[in-house]
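Student: I am new to this structure and would like to know what the terms used for it rest on. Can we go through them one at a time?

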Amino acid sequence: MTRKVVVLAETREQTLRNISFESIAAGKYISEGGEVVAVLIGESITPLANELFHYGADRVITIEDPLLRNYSSDGYTQALHSIIEKENPQSIIIGHTALGKDIAPRIAAKLDVGLISDVTEIELVGGNVIFTRPIYSGKAFEKKICTANPIFATIRPNNINPLQKDENRTGEIESLQTQVKDLRTVIKEVVRKTTEGVDLSEAKVVVAGGRGVKSPEGFEPLKELAEVLGGAVGASRGACDADYCDYSLQIGQTGKVVTPDLYIACGISGAIQHLAGMSNSKVIVAINKDPEANIFQVADYGIVGDLFEVVPMLTEEIKKL
Ligand code: FAD
């Protein structure tokens, strides 16, 4: 059965986030040869549309409005809902990002359909789309079939590979003139924390520190290791609570969920709430001086030792490669 799939493209500071391309790939798979319509919402975002074609979108619809310059729940819900009403797709895919987690339930309520959230895998069996998603903080996985129309899911970042980029793929950009109105909140100004380097939620390598780093300065060797690996620094809540680093780095049940190719946990005990945010990482390396630490239960490679000795040694060895 072919399907028309609407996917939401996400932008940050005038660039497309990887989740946009991952959503297109998921949409393409579900469409079974149907059509993937990528939606771009914001201000001055139309020049980004071509890249969506390069990654497999069949059509791109843009809504440009100064009121949509910054994300607002009301504004984006109105804009995306108007496109869904017009396009009447058989499926909708949005990233399971901060934005996606906010907007998807609102859209689902407006459409009066169910939502399958935080999908990590998609299969097609006998015409059914089967979604796999983690439950009980990642301790188990469930498979779900959606019988509603449209099928609506959010996908976890870094789990579904984008399609090969093809710069020769192009298409016609359709701009929809929808005026968003009656916004209950308007973002006047965005004050960003200056974060250096790679975006944690999209990083391929994460070097995370826990209470074992002992101080803000204790994060320095982790930053160096992350830098030589082209990765990002993350943290446990223990480290954030102790003021060793900012809460924007927190990984876990009440922090960010990451799925990098390589996760290096340094001085992190491996509490269930932390594992909920990283246990799906492809390769996990744990460095802990306690051989009984729970983190070793989920680690592919474990190093029992003092992180202040092990981490600089790793950095030096990697520099030699
Ligand atoms: P600890 O448990 O204190 O572990 C420190 C580890 O460092 C120990 O294993 C120790 O052996 C090791 N260590 C010490 N010194 C060294 C050294 N020199 N070299 C090597 N190893 C060393 N936690 C999260 O991380 N993310 C969340 O999102 C989160 N959400 C929560 C939500 C709720 C509702 C609750 C109740 C808790 C939540 N927590 C969360 C907290 C969680 O339960 C743990 O308290 C926290 O993860 C512990 O952080 P930690 O592993 O850094 O610290």
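Student: What makes the pair formed by the side chain of S269 and an oxygen atom of the ligand a polar contact?

Tutor: This is a predicted model. In it, an N or O atom in the side chain of S269 is 2.6 Å from an oxygen atom of the ligand. A polar contact needs a pair of N or O atoms within 3.5 Å, so this pair counts.

Student: Which distance does the side chain of S236 have to an oxygen atom of the ligand?

Tutor: For S236 the distance from a side-chain N or O atom to a ligand oxygen is 2.5 Å. The limit is 3.5 Å, so this is a polar contact too. D306 has a polar side-chain atom 3.1 Å from a nitrogen atom of the ligand, and therefore this pair also passes.

Student: How much of the ligand does the protein cover?

Tutor: On its own the ligand has 990 Å² of accessible area, and the protein covers 76% of it. The ligand takes up the space of the second largest pocket.

Student: What surrounds the ligand, by class and by helix?

Tutor: There are 26 residues around the ligand, and R211, S236, T254, S269 and N288 come nearest. The shell has 15 polar, six charged and five nonpolar residues. At least two shell residues come from each of helix 6 (237-241), helix 7 (272-275) and helix 9 (307-320).

Student: Why is the aromatic pair of F21 and Y55 called stacked?

Tutor: The count is two aromatic pairs. In the pair of F21 and Y55, the centres are 3.9 Å apart and the planes differ by 20°. Centres within 6.5 Å make a pair, and planes under 30 degrees apart count as stacked, so the name applies. F21 is in helix 1 (residues 18-31), while Y55 is in the loop between helix 2 (49-54) and strand 5 (59-64), 34 residues apart.

Student: What is the omega of the peptide bond that joins N149 and P150?

Tutor: Omega is about 0° at this cis peptide bond. P150 is in the loop between strand 10 (140-145) and strand 11 (151-155).

How values were computed. Residues are numbered from 1 along each chain as its sequence is written. This is a predicted model: local features need pLDDT of at least 70, side-chain atom pairs count only at pLDDT 80 or more; totals for chains, interfaces and linings use all residues. Side-chain values use heavy atoms; hydrogens and water are left out. A residue is near a molecule or strand if one of its heavy atoms lies within 4 Å of it. A polar contact is a pair of N or O atoms within 3.5 Å; within protein, one must be able to donate a hydrogen and the other to accept it, and residues adjacent in sequence count only if both atoms are side-chain atoms. Accessible areas come from the Shrake-Rupley method with a 1.4 Å probe; for residues, only the protein chains shown count as cover. On a 1 Å grid over the protein atoms alone, a cavity is a set of points where a 1.4 Å probe fits but cannot get out, and a pocket is an open set with protein on both sides within 12 Å along at least five of seven lines; lining residues have an atom within 4 Å of a point. A molecule sits in a cavity or pocket if more than half of its atoms lie within 2 Å of its grid points. Helices (H or I, at least four residues) and strands (E, at least two) are DSSP runs, numbered from the N terminus. Ala, Val, Leu, Ile, Met, Phe, Trp, Tyr, Cys and Pro count as nonpolar, Asp, Glu, Lys and Arg as charged, and the others, Gly among them, as polar. Rings of Phe, Tyr and Trp (its six-membered ring) pair if their centres lie within 6.5 Å; planes under 30 degrees apart count as stacked, over 60 as edge-to-face and the rest as tilted.
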